[in-house]
Amino acid sequence: MSESQVFQFPRAYFGTLVDDAGQPQTSSSGPRIIAQTPGITRTQIAECVRLAKLPPPAPAESAVEMPGALGLFRGETIDFILTKAQYNDANAPQIMYILVPLSSLRQLGGNILTFWSLGMMDMPAFTTTKNNLVPFELRAPQPPTPEEQGDSMMDLLLYCQDSFKTVEAILAALVQGWPLAIVNSPVSLEKRLKFVQGLLSLLPIPARVGITFVTHVRDPQMANAQIKFMSGPANLDHHLVYDWGNGKLLSPTPDDSYSRYIVAQLRLDPSLVVSQTAQLSRTAVWRAMHRENLGKALAWVSRRAAVDQAVQDGQPADRETVAAILREDPTLSDELRLVYVRHLLAFAIALNEPDSADVIPTVSITNNVIAQSVIDQLRAALQNQQAKVVYELLEGWLLRVPEAAALNWHSLLHGAAKFRLQELLKAGQAQPAMDFINHVHNAPSALRLREVTPDLVRQSFSAARANAKFAQLVLLTAIDVLPAGELYRVLGDPQFRQHLPAKLQATLTYLEPQPREPIPPRVLAEGAAALGPEYSTLFLVRLVEWAIYLERPQLIDSAGLEAVFKISQTNKCHQFRPLIQQIVDDLSVVETIDALEPPGARILVQLLLQIEEYDLTVAQLEFYQNVVFGPEQLAEFTRLAGEVFEQIKLPAPKLAEALSYLEGTQIRPEPRAMIYNGVLNNQQWAAKPPGQPQPTGSTQGLDYALRRLTTMIFNDYALIATIGTESALRLLGRHARSLNALDTLRVAAALVDHALHLGQGGE
């Protein structure tokens with residue numbers, strides 16, 4: 001604050017005028033405003049008179065050290081009213097009201113001794129009403145220095161006869177909103193103001209603003225202030241009464257956590273209080289913004305201060321409170337926030353309470369230093385054989401706390417998983433190790449644990465070689481996550497293989513480096529079935545993969561192809577896409593296709609459709625038509641082509657895209673018509689329950705097939721014999737329901753021609 005800064009406040013005097021002889025003039029209207037600063041309104045004057053009544057001390061109650069009474073009162077439209085009541089130079093009672101804005105009190109920071117000179121001034125008498133008073137001025141007012149605050153606290157302690165208990169009780173009453181009545185006080189304005197300033201120095205700076213007081217009052221009910229110095233004995237309800245002269249509390253005292261905490265600091269050193277009140281000022285302001293009363297706000301402040309000290313000293317603190325402060329309190333400095341996080345995480349790890357630290361990712365996302373500190377702390381815990389709680393912490397955060405996913409802590413979770421399994425295996429805890437592998441294998445995809453599961457299988461291999469139950473779990477996990485080469489090495493290990501079912505062991509002998517003949521039917525399917533229905537499909541696919549790897553397509557039969565087809569319709573399709581392409585390439589030999597039992601040949605085409613290789617699909621169909629089946633087996637190929645599209649699981653837009661690849665190909669009209677008919681059957685001719693809207697895009701493939709099939713049978717009614725009369729009639733009905741008159745007539749004409757042909761003895 002600049003040394004030249006001056007605060008100016010409007011003021012007004014309330015009383016009676018004096019005559020030329022200095023005697024009070026009599027007035028039928030009684031006391032009134034006799035002098036004021038320009039601009040004060042009647043409404044403001046009325047508010048001062050109503051809210052800041054303050055009679056001056058009687059001559060017997062005053063002294064040179066205290067010529068009058070001084071008070072600070074809250075206003076309604078006015079922030080605060082500073083009031084001086086005193087007998088004037090004409091020995092008549094008079095009051096001065098000063099209108100003080102809140103901002104000025106904030107700058108004073110509780111330094112009410114600034115008003116001592118005002119309280120000691122003489123009260124002038126006025127012979128005429130004045131409306132041009134200059135404002136009341138405070139020149140370069142300053143908040144109390146740390147040394148002045150310490151002196152004020154020691155003065156207060158002295159006035160309480162060195163009783164910390166008394167200081168705590170008086171402060172507790174002030175914090176809890178109890179009015180204070182001070183009786184038997186020294187007749188000294190300076191000491192009374194020092195008493196108040198000592199109390200204010202024990203509060204955070206923002207809480208000092210607005211504490212109201214009056215230095216002298218006869219009737220406590222008339223003084224709307226929190227601290228009242230009484231002119232005589234008092235026994236008041238709902239007040240804390242303190243007898244200054246005897247150093248005694250004359251009424252019960254409230255309990256208050258803030259007062260207990262801050263007086264404990266005072267016992268050690270007043271400078272600690274100065275430091276604490278300064279540090280806690282931001283917190284006090286923040287709690288005040290919650291519209292809490294002073295007691296609740298300072299209770300939180302004291303709790304914060306105690307927790308701050310505990311976490312800084314590495315002592316146990318209530319973890320719910322620590323988490324709440326981290327989550328809610330914006331007044332924590334970055335340095336202290338880091339200390340809080342480290343404290344909370346350390347105790348969560350030490351006490352195995354991962355749920356207590358869920359706030360940590362939320363804090364870390366906004367601070368890279370904290371995020372790195374958390375990583376370092378967790379890595380240290382892993383090295384200290386605390387992998388279980390570290391894994392549970394990270395898993396819980398990544399599943400429950402949205403911010404955790406953005407922190408990219410997945411690799412840390414994966415490392416914790418490996419450390420945890422290592423601990424279990426080293427301790428010989430086979431069943432817990434198996435449970436953990438199973439847990440990781442079936443974890444939600446958000447954890448991305450599939451990336452680390454192969455490492456867990458590798459870690460477990462030695463244990464699985466010595467334990468049949470462990471071997472089966474490792475196998476079931478390995479067939480899902482291990483790459484081909486590693487899976488084959490696992491299955492090729494003699495010690496591991498001896499724990500597998502006998503049928504599976506027999507199957508594996510046909511996948512040895514040296515071929516074994518003859519190959520029994522369904523040899524791969526029989527071996528896969530030994531693991532049970534839940535795993536047989538995937539395991540059969542992996543065995544088919546092994547056969548392809550060994551270049552033994554003769555081991556792959558229709559059962560194996562059906563398993564691959566099922567997998568292609570799941571979310572694993574992308575994983576096995578190269579295998580599917582290799583299977584179709586290796587098995588697309590006339591002799592192999594001829595040897596496949598149905599529906600093997602059809603599935604080869606459907607596999608290409610399922611992986612959306614539509615150009616290869618059409619090429620495969622052309623190969624079937626021209627080479628595998630030939631003209632003499634056109635009817636059989638036509639039926640297969642229709643089944644390919646009728647029994648495929650693809651959304652309508654994908655079917656439409658696949659059909660578009662038929663344009664300009666060598667596929668004959670008969671199989672082409674059956675393909676369109678197969679698509680229509682696949683989509684159930686766009687059948688839907690009455691009253692329900694058709695899903696968006698669901699008719700795209702259907703409409704294409706409808707148009708193409710309609711055109712084909714209109715141009716060649718003989719194709720009706722290929723698709724069947726029932727399908728032609730359904731086509732007619734479909735156009736009729738959609739009010740498509742032209743296509744309805746075209747299909748009807750084809751049906752008539754077909755019927756006439758039959759009537760003439762055609763087949």
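A cavity is a set of grid points where a 1.4 Å probe fits but cannot get out. In this predicted model, four cavities of 30 Å³ or more are found. Rolling a probe the size of a water molecule over the atoms shows where empty space is left.

The largest of these cavities has a volume of about 80 Å³. Its walls can be traced through the chain: the lining residues are Leu72, Leu105, Leu108, Gly110, Asn111, Ile112, Leu200, Arg208, Val209, Gly210 and Ile211. Sorted by class, seven of the lining residues are nonpolar, three are polar and one is charged. The second largest cavity holds about 40 Å³ of space. Around this second cavity stand Tyr510, Pro515, Arg516, Glu517, Ile519, Arg552, Gln554 and Leu555. Here the lining divides into four nonpolar, one polar and three charged residues.

From the empty spaces, attention can turn to the packed ones. In soluble globular proteins, nonpolar side chains tend to be buried together. The largest nonpolar core of this model has 161 residues, and the members that touch the most others are Leu378, Trp397, Tyr624 and Phe645. A second, separate core has 65 residues, including Leu174, Phe213, Leu240 and Tyr258. Trp397 is a good residue to look up in the structure. Setting aside residues up to four places away in sequence, Trp397 touches Leu345, Ala357, Asp358, Ile360, Pro361, Val374, Leu378, Ala404 and Trp409. Leu378, one of these contacts, is also among the four core members that touch the most others.

A charged residue deserves a look as well. Asp308 sits in helix H11, which covers residues 294–313. Is Asp308 buried or exposed? With a relative accessible area of 8%, Asp308 counts as buried, because the cut-off for that word is under 20%. Beyond its neighbours within four places in sequence, Asp308 is in contact with Leu332, Leu336 and Tyr340.

How far can the predicted coordinates be followed? The mean pLDDT of the chain is 89, and 95% of its residues reach 70 or more. Two stretches call for care. Over residues 688–692, pLDDT stays under 50, and the model has two contacts beyond four places in sequence for this stretch. Over residues 694–698, pLDDT also stays under 50, with seven such contacts in the model. Where pLDDT is low, the predicted coordinates should not be read in detail.

Terms used:
Residues are numbered from 1 along each chain as its sequence is written. Side-chain values use heavy atoms; hydrogens and water are left out. A nonpolar core is a set of buried Ala, Val, Leu, Ile, Met, Phe, Trp, Tyr and Cys residues joined through side-chain atoms within 4.5 Å. Buried means under 20% relative accessible area, exposed over 50%, partly exposed in between (1.4 Å probe, protein chains only). Contact means heavy atoms within 4.5 Å. pLDDT is the predictor's confidence in each residue, from 0 to 100. Helices (H or I, at least four residues) and strands (E, at least two) are DSSP runs, numbered from the N terminus. On a 1 Å grid over the protein atoms alone, a cavity is a set of points where a 1.4 Å probe fits but cannot get out, and a pocket is an open set with protein on both sides within 12 Å along at least five of seven lines; lining residues have an atom within 4 Å of a point. Grid points are joined across faces, edges and corners, and a volume is the space filled by probe spheres set on the points. Ala, Val, Leu, Ile, Met, Phe, Trp, Tyr, Cys and Pro count as nonpolar, Asp, Glu, Lys and Arg as charged, and the others, Gly among them, as polar.
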